[in-house]
Amino acid sequence: MDYNFREIEQKWQRYWTGNKTYKVEIDPSKPKFYVLDMFPYPSGAGLHVGHPLGYIASDIYSRYKRLQGFNVLHPMGYDAYGLPAEQYAIQTGQHPAVTTQKNITRYREQLDKIGFSYDWDREIRTCDPDYYKWTQWAFIKMFEHYYNNVTNKAEPIAELVKIFETSGTKNLDAACTEELNFSAEEWIAKSEKEQQEILLNYRIAYLADLKVNWCPALGTVLANDEVSEGLSIRGGHPVEQKVMRQWSLRVSAYAQRLLDGLDKIDWSESLKETQRNWIGRSEGAEMKFETKSGVSFEVFTTRPDTIFGVTFMVLAPESELVDDCTTPEQADAVKKYIEATKKRTERERMIDREVTGVFSGSYAINPVTGTEIPIWISDYVLAGYGTGAIMAVPAHDSRDYAFAKHFNLPIIPLIEGADISEESFDAKEGIMINSGFLNGLSVPEAIAKAKEHIEEKGIGKVRVNYRLRDAIFSRQRYWGEPFPVYYKNGMPYVLDESKLPLELPEVDKYLPTETGEPPLGRANDWETDDGYKLELNTMPGFAGSSAYYLRYMDPKNDTALVSKEANAYWQDVDLYVGGTEHATGHLIYSRFWNKFLFDLGFVVKDEPFKKLINQGMIQGRSNFVYRIQGTNTFVSLNLKDQYDVTPIHVDVNIVTNDILDIEKFRNWNPEYKTAEFILEDGKYVCGWAIEKMSKSMFNVVNPDDIIDNYGADTLRLYEMFLGPLEQSKPWDTNGIDGVNRFLKRLWGLFFDGDKLNISNEKPTADELKTLHKTIKKVSYDIENFSYNTSVSAFMICLNELYETKCNKKAILEPLSIILAPFAPHIAEEMYHLLGNTNSVCDAQWPQHKEEYLQESSVTYPISFNGKVRFTLEMPTDMSKEDVEKTALVNEQTAKYLKGKTPKKVIVVPGKIVNIVFAP
RNA sequence: GCUCGGGUGGUGGAACGGUAGACACGAAGGACUUAAAAUCCUUUGGCCCUUUAUCGGCUGUGCGGGUUCAAGUCCCGCUCCGAGCACCA
């Protein structure tokens with residue numbers, strides 16, 4: 001009987017849906033396991049063959065865990081807010097909700113065909129008011145809390161107000177935008193508006209005037225992780241710096257905890273490294289400098305040991321100190337310079353790194369040496385990092401070096417033997433010279449000693465700095481969560497929780513208003529019941545994805561994000577599968593969000609994702625045809641060198657094994673209707689290349705087409721068979737016949753002609769060995785996410801069973817169970833053919849038995865000086881001495897020894913024999 | 001520049017320090033067939049020598065060294081490719 005995948009797959013997909021096979025509930029009698037995929041943004045293009053890779057991998061793991069007796073939570077949903085739907089809405093007037101719904105429907109159809117074990121009753125969509133109610137709720141909580149650096153957690157703003165009322169800022173150590181100082185009396189004397197303004201300085205969700213990444217083309221502000229090299233990640237539009245009053249989340253308060261948490265979770269080293277980079281912790285000292293005229297300012301340095309080599313200071317052009325330090329004589333020059341730097345965009349600054357700067361006219365005094373040093377202004381110092389001012393040590397910092405050379409400033413070497421005639425010596429090694437009390441110390445010793453000295457003398461303090469910035473949380477867009485915020489007297493207040501969700505209003509156009517307000521400015525009656533104006537910005541894309549994994553635990557709850565009970569049971573995500581592109585965005589924000597909720601006692605775990613696997617990218621494999629210049633004649637690959645040709649991308653879907661379907665090619669594009677061909681062996685052979693999978697390369701492969709031709713089980717197996725999960729690899733449909741053949745042959749074992757033919761005979765030792773070897777290998781491979789090798793193991797197993805056309809139930813039944821995670825449809829059918837009436841999903845994962853794997857003899861490779869020459873079969877339990885003896889007396893040994901005497905014989909029992917002799 | 005990955009046949013890729021190339025694709029040959037498709041069988045890293053045949057030899061995992069009885073695997077140096085970070089003081 002033929003393997004009719006279409007019939008089998010439809011039948012079981014219907015059965016699973018009808019029987020709610022994948023529905024999951026809290027079950028205290030079973031251990032839980034939570035497997036999560038990064039939910040997709042439903043784009044208009046639908047899924048291509050690269051998207052399901054991670055989903056298949058996680059599905060295999062889910063099914064495996066379930067077979068092992070775990071209660072597995074494996075949900076799916078949609079990250080439904082996003083720019084593309086809104087851009088499309090702007091162009092067509094179509095409401096983004098409509099496009100989004102359409103795309104979701106399409107995604108769901110595609111996902112359903114692949115046979116995933118999702119519990120769709122738990123589906124969430126970030127644009128659904130029942131869902132974003134909890135995004136707004138979390139925002140309110142962040143508004144109502146501040147970060148206490150002493151207890152190291154978020155605490156209610158009400159507590160902070162109490163502190164202000166009793167002692168002002170005296171003993172306060174809290175995360176804030178800028179350090180403030182006031183007494184309790186001063187606080188009490190302030191107006192409500194002033195107090196609110198001060199509280200914003202401490203709230204975890206706060207409104208402040210910040211330098212932001214403004215993207216004019218998208219008409220919105222972007223977070224740091226949404227910008228790369230001065231361009232927006234989405235769309236690649238230029239981004240400029242602008243000061244705007246924006247909502248931000250005080251992620252920086254959690255920098256140290258985000259860093260420490262990395263040591264406790266099982267993520268790939270590269271991903272952790274990316275996050276460590278992004279958090280950018282640096283330990284150093286903050287030192288106080290004063291000018292002769294009494295202006296005092298602080299600099300941050302990681303190299304306090306180089307204090308004796310400071311030959312000038314530099315301020316960022318944006319620094320508030322610029323005005324204080326500029327002397328009347330220099331005022332014009334400084335003004336000119338500041339204006340010039342303002343004009344430069346971030347991108348220009350990055351591309352064109354020429355050394356620029358201007359002298360301020362004043363001098364600072366080195367607090368350690370007492371020498372006078374000039375203060376300069378230059379845009380190589382960033383306002384946003386440290387204090388916006390640096391002490392320059394040209395001998396040992398390449399940027400300072402370039403500046404010093406350019407402006408002819410002195411360079412004092414501080415490390416013995418360092419050659420600084422051509423470039424600075426930046427390494428933290430060597431012995432200090434020219435450094436007073438630090439002379440003779442190694443750099444690390446000097447750093448420690450200098451820090452001590454600075455603290456002792458009260459010149460500064462030891463400090464830790466982070467590169468991680470607060471997350472800008474406002475977007476001047478329509479298609480996002482509205483803020484639960486209204487304005488009274490110009491100050492923001494949050495809505496009462498009972499008013500949630502605050503639903504996204506309708507607007508006539510998805511564009512800014514004539515006065516430049518965000519699109520929500522077009523909504524009618526966008527105000528509270530009391531007539532206060534509501535916030536016009538919406539939340540960014542990462543808002544909805546920051547806590548979605550919690551919502552899946554309890555998706556229908558309308559009184560809490562997640563009930564205590566559900567959270568206590570499901571705890572955290574045991575396995576999270578997704579791409580690396582979220583390393584500095586979603587994966588930082590959701591860890592922050594989770595830690596915040598943890599501080600408030602809403603969740604039991606302070607890290608949300610215990611283990612994380614990054615699936616590699618599926619690259620495209622493009623095909624080319626070669627057109628002879630100036631003609632409509634195409635020449636086959638191996639003849640193309642005889643002509644002057646242009647390679648042209650051709651749709652991979654009309655090419656099979658690199659042979660072009662000429663008819664389809666002529667119909668593909670009217671331009672080629674009359675094309676002529678120069679063939680080799682009657683065929684047109686195409687060239688190929690590995691490129692990104694994209695429409696413009698005509699190399700996009702749609703999973704629907706694969707499923708139509710081969711079935712979902714073949715697609716699943718083949719995606720896994722392509723190579724290691726975490727590695728990027730090209731998709732080449734050519735190889736798919738191999739796994740399809742495997743399934744057909746496996747199917748064939750069950751039938752004799754058209755008749756089902758299963759034997760109840762006892763299996764042979766060989767058959768049991770094959771089975772148990774496979775169980776062992778596949779179990780090990782699944783645990784290690786080595787799915788490509790488990791598919792190979794299945795193939796080897798079948799090849800062995802095929803020798804005897806094994807149709808014994810005792811073998812095929814366990815085999816159908818271990819195959820079920822990979823190819824659930826055919827496995828379910830096989831399981832039922834064998835007489836079972838329940839779902840294979842509820843079977844038990846078989847245990848391999850070592851006794852079946854025992855061999856009575858081993859084939860020993862016999863090597864001479866490491867070179868294998870022949871093999872000898874010997875009993876497994878033969879002693880080391882006997883193995884050595886047997887090998888030495890063998891007649892072939894004499895031949896390879898060529899009369900020499902063995903110096904040494906290495907015997908590794910069960911592995912190898914190596915005979916060493918002087919050649 | 002710094003930090004992570006990674007270089008193995010025509011292709012995707014296997015290989016606890018122990019017979020490199022499992023498994024699969026492709027290719028070649030054969031069987032079946034009027035023919036094709038499908039299916040099945042054999043061969044398949046390269047180079048030699050073969051006529052004793054599937055017997056044998058040399059060589060081979062980016063390059064150069066080293067450790068070891070034994071190295072794709074460990075160590076040192078280099079090189080190329082990919083990713084992340086980058087005037088972050």
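Me: Why is Asn152 called partly exposed?

Reply: In this predicted model, Asn152 has a relative accessible area of 40%. Buried means under 20%, exposed over 50%, and partly exposed in between, with a 1.4 Å probe and protein chains only; Asn152 is therefore partly exposed.

Me: What makes Asn489 exposed?

Reply: Its relative accessible area is 57%, and the term requires over 50%. Asn489 therefore counts as exposed. Asn489 also has a positive phi of about 60 degrees although it is not a glycine. Most residues other than glycine have a negative phi.

Me: Why is the pair formed by Leu382 and RNA strand B called a polar contact?

Reply: A backbone N or O atom of Leu382 lies 3.0 Å from a base nitrogen of the strand. A polar contact is a pair of N or O atoms within 3.5 Å; within protein, one must be able to donate a hydrogen and the other to accept it, and residues adjacent in sequence count only if both atoms are side-chain atoms. The pair at Leu382 therefore qualifies.

Me: How do you know that Ser792 makes a polar contact with RNA strand B?

Reply: A polar side-chain atom of Ser792 lies 3.4 Å from a base nitrogen of RNA strand B. This value is within 3.5 Å, so the pair is a polar contact.

Me: On what conventions do these values rest?

Reply: Residues are numbered from 1 along each chain as its sequence is written, and chains are lettered from A and ligands numbered from 1 in the order written. Local features need pLDDT of at least 70, side-chain atom pairs count only at pLDDT 80 or more, and totals for chains, interfaces and linings use all residues, while side-chain values use heavy atoms, without hydrogens and water.
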